[in-house]
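Good morning, colleagues. Please look at the sequence and the model on the screen before I begin.

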Amino acid sequence: MNRGLVAGAGPVVVVGGGVVGLCTAYYLAAAGVPVEIVERRGLGSGASRGNAGWVCLSHSTPVPAPGVVRYALRSLGRPDSPLYLRPLPDPAFVRWMWRFWRSSTPAAFRRGYAAVAELNRDTFALFDGLREAGVDTTLTRPGMVHAFLSEAEARHHLAIQREMADGHYPMPADVTTGAEARLLDDALSPGVRAAYLVEGEGVVDPEAFAQALGEALAAQGVKVHENAEAIGFRSSAGRVTALRTTQGEIPCGGVVIAAGTRSPALLQSLGRSLPLQAGKGYSFSVDLDPAPRHTLYFGERRAVASPIGGTTRIGGTMELSGNNNRLDWRRIVAVALASRHYLGRWFDDPDDLVGLIRDPWVGGRPFLPDGLPVIDRVPGHDNAFAATGHGMLGVTLGPVTGHRLAQYVVTGERPEVLAPFRFDRLRR
């Protein structure tokens, strides 16, 4: 039986105005479905705002990987660590970490990577389609330079990436070493001893992309409720009939929950739990001379740099300290210090950072314990769907998530590529 949404039953309300929610709304509207968006602040104001803007295939991997838990445990008591774990006296957090550990086996990592790689197959084609439709995606494809302080580390990292790529995207045959490594990007410092370029990887201005999607939706007549927080639902006979917000009820024919770290509370009101934690990331902007021409990945320190909006955005770290957006200035300093190994001494003393950097940002990126998002119908509700848990891949996977989920909503048939992202995989 086709269990797609019935035309005329009311709009599909998308909860969440980040890249994932906006892309889902865009493809639903393009399919002729009436759509409304509910966002508790402004469009693109959450985790979509301050991230590195990568649209990449070579780093679209699940976070739980072999050795990552051991690495996290070494970060205890070290707030300058690229992966910082601050245990909470919360049984749900402990359970999440246990499941995260169970998902970090080589077999689980490979399954997760294969699932994301297959979902990513149409990523750049969809970005092209958005641009052709008049959406200013801001996408450029300068390629990504992976920079290392050690030649051995660079070769190890490249070998793993070449194996995982398995033909999904081009990888170089070898690393570039010595002084020639720095020729891959003028911004690299003499401390970089080896590097390699993955051609074709992209970058967007994530805030500008979100705003462009919002403008395209407005042009299609999509109503946007900003500064309206979703607080629950009205349901009848296994169908959601209205979304409750701080501005009142919105009758609907269906709902898509794409609210990032706030999704679990909404799903709980539908009787479904979602084991989601915020992986806090930090970033800031700075004017460098010379500025990077490519996106940069700093291998040993797991920090990144992106050319965005005429400036350089530097970001990094994964902080597991609960679902909060508290900015820890020590983490900003840690990212800046990490970047200095690869970009040179663009500042002398951490006290100088206050005057040098702009827009220090922290954002809670939604992570499920197996590192994969949920893109599925909510069990027990014919017309409720969830799209959350994208972690650091919200911008990369936003268009393909929206495109495939819109197909699911309209037809009632789950696209095969979404099978690994089912809701029921998270049951005990």
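**Aromatic pairs, charged pairs and a pocket**

Let me start with Phe385, which is buried, with a relative accessible area of 1%. Please keep in mind throughout that this is a predicted model. Tyr408 is buried as well, at a relative accessible area of 5%. Both values fall under the 20% cut-off, and therefore both residues count as buried.

How do the rings of Phe385 and Tyr408 meet? Their centres are 5.3 Å apart and their planes stand at 75 degrees, so this is an edge-to-face pair. Phe385 belongs to strand 20, residues 384-388, and Tyr408 to helix 11, residues 394-411, so the contact ties together parts that are 23 residues apart in sequence.

In total, the structure holds eight aromatic pairs. Another of them joins Phe284 and Trp346, with 6.0 Å from centre to centre and 40 degrees between the planes, and this pair is tilted. Phe284 sits in strand 14, residues 277-286, while Trp346 sits in the loop between helix 9 (329-343) and helix 10 (353-356). The pair thus links distant parts of the chain, 62 residues apart. Phe284 and Trp346 are both buried. Ring pairs also bring in Phe347, giving a cluster of Phe284, Trp346 and Phe347.

Phe347 has a charged neighbour too: Arg340 lies over the face of its ring, 4.6 Å from the ring centre. A second arrangement of this kind places Arg141 over the face of Phe124, at 3.6 Å from the ring centre.

I turn now to the charged pairs. Side chains of opposite charge can pair when their charged atoms come close. How many salt bridges does the structure hold? The number is 17.

One of them is formed by the side chains of Glu163 and Arg110, at 2.9 Å from N to O. Glu163 is in helix 6, residues 151-165, and Arg110 is in helix 4, so this bridge ties together parts that are 53 residues apart in sequence. Are these two partners buried, exposed or partly exposed? Glu163, with a relative accessible area of 47%, is partly exposed, and Arg110, at 43%, is partly exposed too.

A salt bridge within a single helix joins Asp128 and Arg131, at 3.1 Å from N to O. Both residues lie in helix 5, residues 123-132, and they are three residues apart, about one turn of the helix. Asp128 has a relative accessibility of 28% and counts as partly exposed; Arg131 is partly exposed at 46%.

The side chains of Arg244 and Glu249 also meet in a salt bridge, at 3.1 Å from N to O. Arg244 is partly exposed at 34%, as is Glu249 at 39%. Elsewhere, salt bridges with shared partners join Glu151, Arg155 and Asp174 into one network.

My last topic is the second largest pocket, which holds about 1,000 Å³ of space. It is lined by 35 residues, and those closest to its centre are Arg99, Pro275, Pro369, Leu426 and Arg427. Which elements give two or more residues to this lining? They are helix 3 (91-102) and helix 4 (106-119). Helix 3 supplies the largest share, seven residues. By character, the lining divides into 18 nonpolar, six polar and eleven charged residues.

Thank you for your attention.

Methods
Residues are numbered from 1 along each chain as its sequence is written. This is a predicted model: local features need pLDDT of at least 70, side-chain atom pairs count only at pLDDT 80 or more; totals for chains, interfaces and linings use all residues. Side-chain values use heavy atoms; hydrogens and water are left out. On a 1 Å grid over the protein atoms alone, a cavity is a set of points where a 1.4 Å probe fits but cannot get out, and a pocket is an open set with protein on both sides within 12 Å along at least five of seven lines; lining residues have an atom within 4 Å of a point. Grid points are joined across faces, edges and corners, and a volume is the space filled by probe spheres set on the points. Helices (H or I, at least four residues) and strands (E, at least two) are DSSP runs, numbered from the N terminus. Ala, Val, Leu, Ile, Met, Phe, Trp, Tyr, Cys and Pro count as nonpolar, Asp, Glu, Lys and Arg as charged, and the others, Gly among them, as polar. A salt bridge is a side-chain nitrogen of Lys or Arg within 4 Å of a carboxyl oxygen of Asp or Glu. Buried means under 20% relative accessible area, exposed over 50%, partly exposed in between (1.4 Å probe, protein chains only). Rings of Phe, Tyr and Trp (its six-membered ring) pair if their centres lie within 6.5 Å; planes under 30 degrees apart count as stacked, over 60 as edge-to-face and the rest as tilted. A charge sits over a ring if NZ of Lys or CZ of Arg is within 6 Å of the ring centre and within 35 degrees of the ring normal.
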